[in-house]
Amino acid sequence: VESAVIERVIDGDTLVLDDGRTIRLLNINSPEKEFSNSELSSDFMRNFENKTLKFEFIGMDKYNRYLARIYSPEYINLNLVKLGYASKFLVDENEIKEFDLAEKNAIQNGLGIWKKSSFYGCFEFDIDEKDEIVKIKNNCDSVNVKGWMLKDESRKTFVFPEIRLGEVRLHSLSGENNASDLFWNSENVWNGFIQA
């Protein structure tokens with residue numbers, strides 16, 4: 001564990017130290033800048049700019065960022081998930097229970113990125129992992145979902161085109177959109193988790 005000063009927040013899970021090192025927070029993923037609610041994690045992290053914190057470094061990622069747990073004195077990575085400002089992501093095995101519980105509580109209480117919309121409870125999802133299809137059924141009034149997003153447990157995000165959603169099949173693979181079938185043009189999306 002070493003002490004360091006956060007010079008600048010890039011986004012909710014990436015920051016730069018005053019010595020120039022770029023840090024990626026371990027165990028979490030915050031919404032990217034172009035997505036709604038990205039400011040929640042970024043604004044929270046800006047509270048720590050120009051402050052000395054404790055960093056536990058565990059290696060580097062493929063982008064040459066230092067992977068770290070941050071403490072002030074609370075465990076900031078976990079607090080971001082508890083507050084609903086980030087989701088758990090590639091959690092270290094010895095921390096999975098506390099991150100799972102933190103995220104489940106944030107979802108259940110509609111915190112941060114998990115805030116429940118006025119359409120909460122309207123949609124049913126049936127995932128066919130083998131064929132890479134999710135069937136989405138709207139049980140409320142028809143609604144235009146243009147710009148709405150659906151994401152898997154990782155970083156894969158589908159942005160809906162202009163469509164009045166009653167019932168539709170979303171295919172992970174390639175194809176041409178029509179009134180009953182949408183295509184993500186991705187692969188290996190359905191890993192057992194979906195949140196609307």
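What follows is a walk through this predicted model, strand by strand and helix by helix.

Let's start at the N-terminal end, with strand S1 (2-11). S1 is joined to strand S5 (residues 52-60) by 4 bridges, and the two run antiparallel. If you want a landmark on that pairing, look for alanine 4, which sits opposite leucine 53 in S5.

From S5 you can step across to S6, since these two strands also pair in the antiparallel sense, this time over 6 bridges. Here lysine 54 has tyrosine 71 of S6 as its bridge partner. S5 and S6 make a hairpin with 5 residues between them, and in its turn asparagine 64 has a positive phi of about 65°.

S6 (residues 66-71) has another neighbour too: 3 bridges tie it to S3, and that pair runs parallel. Tyrosine 66 in S6 is the bridge partner of isoleucine 23. Isoleucine 23 is a handy residue to keep on screen, because on another pairing of S3 it stands opposite leucine 15. That other pairing is between strand S2 (residues 14-17) and strand S3 (residues 22-25), antiparallel over 3 bridges. S2 and S3 form a hairpin with 4 residues between the strands, and glycine 20 in it takes a positive phi near 95°.

Now for helix H1 (residues 38-46). Which of its residues are buried? They are Ser38, Ser41, Ser42, Phe44 and Met45. Looking down the axis of H1, these buried residues fall within an arc of 160°, so they line one face of the helix. As for what they pack against, the partners are S1, S2, S3, S6 and H2. So the strands we have just been through come back here as packing partners of H1, among them S3 and S6.

A few backbone oddities turn up in the loops around these elements. Asparagine 27 lies in the loop between S3 and S4, and its phi is positive, about 75°, although it is not a glycine. Asparagine 50 belongs to the loop between H1 and S5, and phi there is near 65°, again a positive value in a residue other than glycine. Are these two asparagines buried or exposed? Asparagine 27 is buried, with a relative accessible area of 2%, whereas asparagine 50 counts as exposed at 62% relative accessibility. Further along, in the loop between S6 and H2, you'll come to proline 73. A cis peptide bond joins serine 72 to that proline, with omega at about -25°.

Next up is helix H3 (residues 96-108), which has 13 residues and reaches 18 Å from its first C-alpha to its last, close to the 18 Å expected at 1.5 Å a residue. Its buried residues are Phe99, Ala102, Glu103 and Ala106. Seen down the axis of H3, they fall within an arc of 95°, so they line one face of the helix. The cover over those buried residues includes strand S4 (28-29), helix H2 (76-82) and strand S7 (87-88). Flip to the face turned away from the buried side and you find the exposed residues Lys97, Leu101, Lys104 and Gln108. Just after H3, glycine 110 takes a positive phi of about 60°.

That brings us to another sheet. It is open, has 4 strands in the order S8-S9-S14-S15, and its pairing is mixed. At the edges stand S8 and strand S15 (181-183), each with a single partner strand, so one side of each is left without a neighbour in the sheet. From one strand to the next, the twist averages 20°. Within this sheet, S9 and strand S14 (residues 167-171) pair in the antiparallel sense over 5 bridges. Isoleucine 136 is a good place to look, as it stands opposite valine 168 in S14.

One last stop is the loop between strand S8 (123-128) and strand S9 (133-138), where glutamate 132 is found. Glutamate 132 is buried, since its relative accessible area of 10% falls under the 20% cut-off. What does its side chain contact? It makes a polar contact with the side chain of serine 172, at 2.7 Å.

Note on methods. Residues numbered from 1 in each chain as written. Predicted model: local features only at pLDDT ≥ 70, side-chain atom pairs only at ≥ 80, totals over all residues. Heavy atoms only, no water. Expected span 1.5 Å × (residues − 1). Buried < 20%, exposed > 50% of the residue type's maximum accessible area, 1.4 Å probe, protein only. Arc of directions from axis to C-beta. Contact = heavy atoms within 4.5 Å. Polar contact = N/O pair within 3.5 Å; in protein donor to acceptor, adjacent residues only side chain to side chain. Axes fitted to C-alpha atoms, helices over the stretch in contact; angles between N-to-C directions.
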